[in-house]
Amino acid sequence: MWHQAWSWFQESLTIRRWLSEYSAETLRNDAAAGLTVGVMLIPQAMAYAVIAGLPPIYGLYGALVPLLVYPAFGTSRQLAIGPQALDMLILAAGLGVIAEAGTSEYVTLAIVVTAMVGVLQIAMGAMQLGFVANLLSRPVITGLTSAAALIIGFSQLGSLLGVDLGNSQYVHVILWRAFQHLGDVHLLSLAIGGAGIVLLVLLPKWSRLLPEALIVVVLATGASYAFSFEARGVAVVGSIPMGLPTPSLPDLGPSTLNALLPAAVTLALVQFMKNVSLGRVFATRHGYTIDANKELVGIGSANLVGSFFASIPVSGSFSRSAVNDQTGAQTPLANWFTAGVIALTLLFLTPLFYYLPQPALAAIIIVAGISLIDLHELRSLFKARRRDGYIALFTAACTLFIGIQEGILLGIGASVIAVLFRISRPNVAELGHVPGTRLFRDLDRFEQAVRLKDIMVLRVDASFSFANAEYFKDFILEKSEQEGRNVEVVIVDGSSINGLDTTAIEALFSVVETLDDMGIELHLTGLIGPVRETVRRSGLHALLGEDRFHLDPHAAVVDVLERWDQAEDTERTEQYFATTEPEKKEATPAAS
């Protein structure tokens with residue numbers, strides 16, 4: 001067991017590959033990218049900690065040790081790790097019902113959640129459960145992110161206005177409280193926050209490489225010190241501890257774990273889904289692949305080890321990863337240089353943030369939240385498949401008005417229901433013969449396809465399972481009864497059926513029995529090996545007989561027509577072949 005665990009650990013270490021390929025040029029590129037991202041991360045990390053209801057220092061702690069750990073296991077070369085706005089919102093929603101934001105108990109619980117998230121992600125990676133992230137479909141992520149953007153932005157309305165609006169994850173509650181306190185708005189705080197928002201929006205339009213958040217922090221802190229904003233009633237960050245975090249073990253009591261498990265599971269899945277999606281973007285751009293299971297181990301290790309050094313949950317950031325890529329990062333080791341910037345800040349610069357106005361941090365958070373709204377993505381969902389667009393809107397609405405975790409669960413539920421509905425109502429096409437060929441194509445899509453007299457050919461475009469067995473049965477029987485013509489044989493092209501379960505087999509038995517009572521034969525064609533074996537073991541093959549199973553619809557039609565010709569002394573087979581191109585001249589199959 002220990003030998004297997006050690007082998008798995010060694011296999012998971014991707015840092016050996018990075019170091020074996022490292023060169024002086026790679027070092028220069030990673031250093032330039034890491035230092036640039038580090039300058040961005042200082043104000044962002046502090047601001048995102050505030051979203052979670054934590055003191056700003058814990059954002060810096062989260063931007064230190066996890067960034068040293070991820071490169072040892074991660075497979076994405078450009079991913080920039082650190083605190084993320086969406087993660088902090090989920091964390092705040094999970095902790096807010098257990099403890100009061102900002103208290104020592106609240107901070108302890110946040111660190112415990114970080115450890116739990118890490119353990120869950122490592123376990124999922126070790127068990128090769130990377131596919132689990134598929135539960136969070138693209139529409140669910142889009143809806144969640146859009147709703148979270150609004151919640152993140154409005155959660156800072158109190159700091160922006162200089163009014164205490166309390167903590168809430170519901171936008172309508174925050175707006176109502178703000179309306180009730182309109183007369184208490186602190187104009188100087190509003191002016192500082194408003195100016196910060198304007199700078200954060202305009203500076204990137206001038207140059208994308210400008211650290212706009214850091215510029216706002218420096219200007220706001222300098223103005224606060226020079227003009228005594230604190231004495232004028234503006235809330236400031238206040239004292240921030242200096243020095244690196246000391247290692248300690250999180251308090252992991254059983255009752256604590258049970259209470260925090262929903263938030264930990266939600267974070268583990270959301271973080272992994274975002275990391276893999278983001279990692280694939282850069283992997284595709286630079287021509288390499290990422291390993292989903294190793295990404296689980298990488299981000300999980302970063303969270304677990306980080307929790308021993310007072311870190312909050314971390315994951316990949318789109319904005320920082322984009323800058324990381326633009327400034328030349330070639331390996332995950334760029335995160336080490338970013339961590340170096342944070343370490344220097346913790347050792348020497350934290351006293352400078354005492355006068356940083358809270359409205360300036362609120363401005364950074366609001367702009368970061370707004371940037372999460374992706375209307376183009378929502379439009380593309382509606383354009384590609386309207387149902388996915390509605391799932392995104394449903395997830396967003398549930399997240400806004402019911403709750404974040406509830407919104408995610410309901411969004412997943414809606415996606416699963418949509419998939420089950422699609423499986424239970426798959427495409428079943430009636431096929432017609434294409435004159436001059438031996439091909440059979442969908443009558444609704446190919447004008448040249450014609451029905452055969454007394455024979456109905458159907459194609460099933462899905463697995464045959466409990467979810468759709470009754471639908472298939474009803475479709476075949478209704479088609480046979482309502483066709484308005486004499487149907488003596490039903491041929492089912494099963495080349496698209498890749499699985500049969502016991503419910504489907506039972507439905508087929510029922511179809512055979514009902515069709516026999518109506519004097520109609522059922523023939524099956526094109527069944528793949530595993531499906532044929534299931535049919536044989538179930539006894540359906542013995543019930544129908546070998547002559548009811550064929551290679552393709554053409555072979556089935558020929559067999560039926562030849563049998564009818566022998567029984568009725570007709571020439572229907574000859575007539576069929578007269579409209580069928582010889583084998584050697586068979587045309588290239590058209591798309592059906």
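Contact here means heavy atoms within 4.5 Å. In this predicted model, that criterion describes how the buried residues of helix H6 pack against helix H3 (24-51), H7, helix H8 (138-155), H13, strand S2 (315-316) and helix H20 (404-424). This briefing covers helix H6, the packing of helix H14 (residues 292-307) against H5 and against H13, and the surroundings of Gln121 in helix H7.

**Helix H6**

- Helix H6 spans residues 85-95, and 11 of its 11 residues are buried, so this helix is largely enclosed by the rest of the structure.
- The buried residues of H6 include Asp87 and Gly94, along with Ala85, Leu86, Met88, Leu89, Ile90, Leu91, Ala92, Ala93 and Leu95.
- Among the elements that these residues pack against are H7 and H13.

**Helix H5 against helix H14**

- Helix H5 (residues 65-73) packs on helix H14 with the two axes 8 Å apart and an angle of about 155° between them.
- Angles over 145 degrees count as roughly antiparallel, and H5 is therefore roughly antiparallel to H14.
- The crossing of these two helices, H5 and H14, is right-handed.
- From H5, the contact draws on Val65, Pro66, Val69, Tyr70 and Phe73; from H14, the participants are Lys294, Glu295, Val297, Gly298, Ile299, Ser301, Ala302, Val305 and Gly306.
- By residue class, the contact of H5 with H14 comprises 9 nonpolar, 3 polar and 2 charged residues.

**Helix H13 against helix H14**

- Helix H13 (residues 254-286) crosses H14 at roughly 125°, and their axes come within 10 Å.
- This angle makes H13 oblique to H14.
- H13 passes H14 in a right-handed crossing.
- H13 contributes Gln271, Phe272, Asn275 and Val276 to the contact, while H14 contributes Ala292, Glu295, Leu296, Ile299 and Asn303.
- The residues of the contact of H13 with H14 divide into 5 nonpolar, 3 polar and 1 charged.
- Glu295 and Ile299 of H14 take part in the contact with H13 and also in the contact with H5.

**Gln121 of helix H7**

- Gln121 lies in helix H7 (residues 104-126).
- Gln121 counts as buried because its relative accessibility is 0%, where the cut-off for buried is under 20%.
- The side chains of Gln121 and Gln271 make a polar contact at 3.1 Å.
- Leaving aside neighbours within four places in sequence, Gln121 is in contact with Leu267, Ala268, Gln271, Phe272, Leu296, Val297, Ile299, Gly300 and Asn303.
- Among these partners, Gln271 and Phe272 of H13 and Leu296, Ile299 and Asn303 of H14 also belong to the contact between H13 and H14.

Technical notes:
Residues are numbered from 1 along each chain as its sequence is written. This is a predicted model: local features need pLDDT of at least 70, side-chain atom pairs count only at pLDDT 80 or more; totals for chains, interfaces and linings use all residues. Side-chain values use heavy atoms; hydrogens and water are left out. Axes are lines fitted to C-alpha atoms, for helices over the stretch in contact, and angles run from 0 to 180 degrees between N-to-C directions. Helices (H or I, at least four residues) and strands (E, at least two) are DSSP runs, numbered from the N terminus. Angles under 35 degrees count as roughly parallel, over 145 as roughly antiparallel, 65 to 115 as roughly perpendicular and the rest as oblique. A crossing is left-handed if the near helix is turned anticlockwise from the far one by less than a right angle, and right-handed if clockwise. Ala, Val, Leu, Ile, Met, Phe, Trp, Tyr, Cys and Pro count as nonpolar, Asp, Glu, Lys and Arg as charged, and the others, Gly among them, as polar. Buried means under 20% relative accessible area, exposed over 50%, partly exposed in between (1.4 Å probe, protein chains only). A polar contact is a pair of N or O atoms within 3.5 Å; within protein, one must be able to donate a hydrogen and the other to accept it, and residues adjacent in sequence count only if both atoms are side-chain atoms.
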